[in-house]
Each structure stands twice: as C-alpha cells, then as structure tokens.
Amino acid sequence: MRRPRPSNSERLLLLKQLEQSQVLDKRRRRLYNKKYRKSLFFVSIWAGRLIYIILFFVVLFLHDKSGSLREETVLNKNIESYTRTTRRGSYRVTTLTIETNFKSYVSEFGDKYPPSFNIGDTLIIERNIFHKPIYFTKSNWNLKYWIFTNPIYYYIILFLTLISLFFNDGLDRFTDKILLIIWSANIIAIAIYFLT
C-alpha cells in the first residue's frame, strides 16, 4: 500500500525543520571550531607550519650565500654518465660523486665532463651560512662547481603544508590526523636541514 503524498503544509513544515536543523548544525560547528582553533594542539601545529613556511623561503633566498670554506682531502671519486630521455629528446648527464675525509658530495655536469683531480688532492668545499655544502673548487682552479642538494622533498612538504592550511574543521575526524602528520613532517624536515 502506498503512503499518501504529503500535503503542501506538511512539506513546508518538513523544509522548515530541515532548515532549522542545518542552521543549528552550522552554529554548533562554528562555536566548536572557534574553541578548537584556540586549543593548544591547533595553535602549536599552526605555529609549526608557519615556522616551516618562513624557514623554507629564508633558506630559498639565502642558500647560495657563502658562509665558510673548508679544505677536504679526496678519498674516492666516481664518475657516471647516462642518457636521460624526455619528451623533448634525450641528453647525456654526467654525475660526479666525491668522498672526502669529512663527507660525500654529488655534483651533476649535464653533457660536460667534470674537472680533473686525483684521489689524495685537497678540494675546497664552500658552505653556505647554514653550513650546507654548495660548491667545490681547488686552489689553482678559476671556477667553482655546484654541489647537488636534492630539494624536492622540501618542496613536497611545503606543498602539503600549504594545503593543510585549509584543514580547520575540528569536527572532521581526519583533521587532527592530517595536521599531526604534516606538523611531524615539518619538524623532521627542519631538523634534517639544520642539524645534519
């Protein structure tokens, strides 16, 4: 047996109740989120993300600023050449890996061949103001060569951090988890860059 169709007055009453329910839900959500955004959890995560964004741009603009020079002895070197293929065509990439008495460094030269030096030679490693290696050279060379640092992970974390700025709803069950993961990634990235 079919239910009778609701009359116009019943439909209006249902719509009014639904509208009131939505208004109350919006108000409840707004009040909860107002309180949530003042919580220690949200404020500390907001501060962590903001610090990461600021430090990212500070490092981006100051990465090439020379800070110090250090002489290091070459213990080993390895040169690899391979062909990289893209839509525009293929090109040769030459990679130089240098192991010194302090650390290992990687430098890419594109289709050019790296400068000649031997095991046991002393290289001058130029570091930026954050103590990260940026160039290497020798005392009798006129040029300095770029040391490769892979920034892709920092860019990915920046992208995720910027997206996470839109996660502000405390009633969404994924918000806390996502914010905690992004905040942890920010702290780890800052620690890796400045402490290693």
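In this predicted model, the side chains of Lys144 and Glu126 meet in a salt bridge, with 3.0 Å from N to O. The pair links distant parts of the chain, since Lys144 sits in the loop between strand 5 and strand 6 while Glu126 belongs to strand 4, 18 residues apart. The two partners are covered to unlike degrees: Lys144 counts as partly exposed because its relative accessibility is 45%, whereas Glu126, with a relative accessible area of 9%, is buried.

## Salt bridges

The count of salt bridges comes to four, and three of the pairs are set out in the table below.

| Pair | N to O distance | Location of the partners |
|---|---|---|
| Lys144 and Glu126 | 3.0 Å | loop between strand 5 and strand 6; strand 4 |
| Lys138 and Asp121 | 3.0 Å | loop between strand 5 and strand 6; loop between strand 3 and strand 4 |
| Glu72 and Arg127 | 3.3 Å | strand 1; strand 4 |

Lys138 and Asp121, whose side chains meet in a salt bridge, are 17 residues apart and likewise link distant parts of the chain; both of these residues are buried. In the bridge between Glu72 and Arg127, the closest N and O atoms are 3.3 Å apart. Because Glu72 lies in strand 1 and Arg127 in strand 4, this pair ties together parts that are 55 residues apart in sequence. Glu72 counts as buried at 0% relative accessibility, and Arg127 also counts as buried, at 3%. Salt bridges that share partners join Arg70, Glu72 and Arg127 into one network.

## The sheet

The strands that hold several of these residues belong to an open sheet of six strands, ordered 3-2-1-4-5-6 with antiparallel pairing. Strand 3 (104–108) and strand 6 (145–146) stand at the edges with a single partner strand each, so one side of each is left without a neighbour in the sheet.

Strand 1 (residues 66–86) is joined to strand 4 (residues 122–128) by seven bridges, and the two run antiparallel. Within this pairing, Ser68 stands opposite Arg127 of strand 4, and Thr73 has Thr122 as its bridge partner in strand 4. Arg127 thus appears both opposite Ser68 in the strand pairing and in the salt bridge with Glu72.

Strand 1 is also joined to strand 2 by 12 bridges, again in antiparallel fashion, and the two form a hairpin with two residues between them. One of the facing pairs places Asn76 opposite Glu99 in strand 2. A further hairpin joins strand 2 to strand 3 through three residues, and the antiparallel pairing of these strands extends over five bridges.

Which residue in strand 3 is the bridge partner of Thr95? The partner is Glu108. Thr95 itself is found in strand 2 (residues 89–100) and counts as buried because its relative accessibility is 11%. When its neighbours within four places in sequence are left aside, Thr95 is in contact with Asn78, Ile79, Glu80, Tyr82, Val106, Ser107 and Glu108. Along strand 3 the side chains alternate, with Tyr105 and Ser107 pointing to one face and buried, while Ser104, Val106 and Glu108 point to the other and are not.

## Nonpolar cores

In soluble globular proteins, nonpolar side chains tend to be buried together. Here the largest nonpolar core has 11 residues in all, made up of Val74, Leu96, Ile98, Tyr105, Phe109, Phe117, Leu123, Ile125, Phe136, Trp141 and Ile147. Strand 2 and strand 4 are the elements that give two or more residues to this core. A second, separate core of seven residues includes Ile53, Phe56, Ala189 and Ile190.

Ile147, a member of the largest core, is in contact with Tyr105, Val106, Ser107, Ile125, Pro133, Ile134, Tyr135 and Phe136, leaving aside its neighbours within four places in sequence.

## A nonpolar surface patch

On the surface, Phe57, Leu60, Phe61, Ile152, Tyr153, Tyr155, Ile156, Phe159, Leu160 and Ile163 make a nonpolar patch of about 1,000 Å². The elements that give two or more residues to this patch are helix 2 (40–62) and helix 3 (152–164), and the largest share, seven residues, comes from helix 3. Tyr153 has its place in helix 3 and counts as exposed because its relative accessibility is 54%.

Terms used. Residues numbered from 1 in each chain as written. Predicted model: local features only at pLDDT ≥ 70, side-chain atom pairs only at ≥ 80, totals over all residues. Heavy atoms only, no water. Patch = residues over 30% accessible without salt bridge, like charges linked within 9 Å, V, L, I, M, F, W, Y side chains within 5 Å. Areas by Shrake-Rupley, 256 points an atom, 1.4 Å probe, with all protein chains shown as cover. Helix = DSSP H or I, 4+ residues; strand = E, 2+ residues; numbered from the N terminus. Buried < 20%, exposed > 50% of the residue type's maximum accessible area, 1.4 Å probe, protein only. Contact = heavy atoms within 4.5 Å. Pairing = 2+ DSSP bridges. Core = buried A, V, L, I, M, F, W, Y, C linked by side-chain atoms within 4.5 Å.
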